[in-house]
Amino acid sequence: MKKHHTHARTQIFPFLRNIAFLSAILLTVGCEEIPKEVEITHQRELCKFDENEALRGAVNRFKAKQPIHWRRLAETKNRILNYRVGENTEVALGSFRGSVKSNIIRWYGQYGQTVTVPNTTEELKPGIMVKHGTMIGNSDYYLLDIKGKFETSMGGVTVKQDDWSTVGIICQYNDEELITIKMTGPTSETAKEKKNLIKFAEDLKFITFPEDKQ
Amino acid sequence: MSKQNISTSGKVKKKKSIPVLIFDFFSSYLLAVTTLTVLGLLVWFSTLEQTVYGLSATAEKYYHSSAYFVIPEINGSKIPLILPGAYWTCVILFLNMVCGGIIRIRKGIKQLGPVIAHFGIILLLVTGFVDHHNSVHGHMDTRQFGTYDYAWKRGKTSLEVFKYDDEQNKTPPYVIKHEMLEDLQHDSGTPKYRVFKFKDLPFDVEVRNFYDNATIFVDNGNPREKTDGAVIDGIFLRATDIDPTTDLYMFSCYVTIRPHDGSEARNLILSRTVNHPLTFSVEGKLYGIEMPNEIWKMPYEVRLVNSYGEFYPGTERPSYYSSDIIWKDSKGVEKTSKIKMNEPLRYQGFTLYQASWTPPTNGIEYSGFVIVTNPADQWPVTCLWISFAGLIFHFIMKLSKYIGKEQRKSKPADSKSKVNAKAKAKANA
């Protein structure tokens, strides 16, 4: 009996050894580490994904041409297009239902300033906000420039900044939609970027689906 | 030389060799019953678990070839049971079917039916293996009047880096695939990073802290958790559980852009939740970077014309949906098709199924499609017909045998009754 056991063992052990050897090879191959530095050569062919952000569920439905030195950041509900200029200046494009008047009052309020705003945009005077040109869909837009001590509350946190400035653009696109572009930052930076902001607003287009009108 | 062993009863018993023992094991009824029971349990547990963790995560855990063992969970609590993964159970079932159902089975006309049926099941298992290793699945979420020529792969992210041309249109992006990112997990203990270089771009991209599923939070002064990522541009990443209702991984990571000219490096947060590229400039040129699910270019374009659907009362589960689409074939010829539940569009090896439907928003209709390329797409039908033919053959054989047996039983009885009748007639005479 003992002899038979020994015989069986001599057969089982090489078999198990082979299995272990194969497993070790498979594990070694399977665990091959990717190096710390990799050169990427694969380029994907362009497709509709690259043409139209609105097709992929982005909130954005604008096609914008940004100044090269601006950095586009992640969109949020109120900042459909969200940019950072330098380290402290922010540019945000929003689309709201509301009046030009309420936005002007709110923006001046962030600088502790109270302004008397007429009920119609036609009555707006220099010093508050002025009609500056046309943008998206040939709609008139209004420009304001507020300077001073900025104070606002964001998510329960109060932000206070001295020598701050807001350059704002408001466009009453239609009866229901107001498009605002607001640049906020140190006065020295916003003054330099004002021209770029106006150009950005005037170059703005809608991403359109022609059949939507059908 | 055959090995022999003498049993206590004195009979000579052949000692089986190792290969014979292995064959006996793989061809046994016990193994067939065990594997089928395990598969039943796996289906049951995975069905329960997918309501908590979502379909993709559960399918990965139970059915992927990398799942050797599974510890099932019920309502998020682990149960003390270790089961083999479904893929490897199917491999064992396959061996069992081949050894027991084809090789070991007695050969003869009586066994022809079961052999054919077993062959059909073996082919079905082969179909499963081919599907698992060779099929590609993608999703196409369409908006009415939108034209789509791409799908995105569920469970596979990518990192795309590209240059904008002078008109700020995107140029073909460099693609860093999921496999190059997934080992850079944020919770891997030692911080891991990888530097990616590109042939004609003047910067490198360093990726670290990869999350399978994360949410972007605004740093608004609220208390932070220990595992939260760093704050960049006022936001940070926090690892979150996957939402089983959407079953979508929100892959995210931290990257650093390192210009070759030595100018300041730029940190960014990338996430699947952001549906557009982030931009930055190096040496006066504008570049973009984003983290979509892997994009899969289709050989044809699809335009959603109309979508229709209904929900089961009181639920958000569609009871019916269909879509009218216009699509272009490879020659550019426009065609119209109606896609319904279980009635996909098949073209050039691509199958387009409607997988979801969303009620119209602001008058715009939406449909979700799944696109699959699978060389074994139609094989299950053939397999089922083969199994059906085998079982029908076996059933007819059994039935005819039964009828024959019954007829044979009734014949002697008939002849006996005739003899009795004759005897009675003689007696009466």
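Into which domains is chain B divided? In this predicted model, chain B falls into domain 1 (10–134), domain 2 (136–147 + 296–373) and domain 3 (154–294). Domain 2 of chain B is thus written as two segments, 136–147 and 296–373. Between domain 2 of chain B and domain 3 of chain B, the C-alpha centres are 30 Å apart.

**The contact between the chains**

Chain A contributes 49 residues to the contact, and chain B contributes 59 residues. Together the two chains bury about 5,000 Å², with 56% of that area on carbon and sulfur atoms. On the chain A side, the residues that lose the most area to chain B are K36(A), I40(A) and R44(A), which together account for 14% of what that side buries.

R44(A) also takes part in a salt bridge with E160(B), in which the closest N and O atoms are 2.7 Å apart. Between chain A and chain B the count of salt bridges is 6. Residue pairs in polar contact between the chains, both at pLDDT 80 or more, number 19.

Four elements of chain A give two or more residues to the side that touches chain B: helix 1 (2–30), strand 1 (37–40), helix 2 (48–51) and strand 3 (71–73). Helix 1 of chain A gives the most, with 5 residues. By residue class, the side of chain A that touches chain B divides into 20 nonpolar, 11 polar and 18 charged residues.

**Strand pairing**

Strand 1 of chain A pairs with a strand of chain B, and a further pairing lies within chain B. The table sets out both.

| Strands | Sense | Bridges | Residues standing opposite |
|---|---|---|---|
| Strand 1 of chain A and strand 10 (residues 193–198) of chain B | parallel | 4 bridges | E39(A) and K197(B) |
| Strand 14 (residues 252–259) of chain B and strand 15 (residues 266–271) of chain B | antiparallel | 6 bridges | S252(B) and S271(B) |

Strand 1 of chain A, at 37–40, is one of the elements on the side that touches chain B. Its partner, strand 10 of chain B, covers residues 193–198, and K197(B) in strand 10 is the residue opposite E39(A).

Strand 14 of chain B and strand 15 of chain B form a hairpin with 6 residues between the strands. In this hairpin G262(B) takes a positive phi near 85°.

Technical notes:
Residues numbered from 1 in each chain as written. Chains lettered and ligands numbered in written order. Predicted model: local features only at pLDDT ≥ 70, side-chain atom pairs only at ≥ 80, totals over all residues. Heavy atoms only, no water. Contact = heavy atoms within 4.5 Å. Buried area = accessible area lost by both parts, 1.4 Å probe. Salt bridge = Lys/Arg side-chain N within 4 Å of Asp/Glu carboxyl O. Polar contact = N/O pair within 3.5 Å; in protein donor to acceptor, adjacent residues only side chain to side chain. Nonpolar A, V, L, I, M, F, W, Y, C, P; charged D, E, K, R; others polar. Pairing = 2+ DSSP bridges. Domains from an automatic or database assignment.
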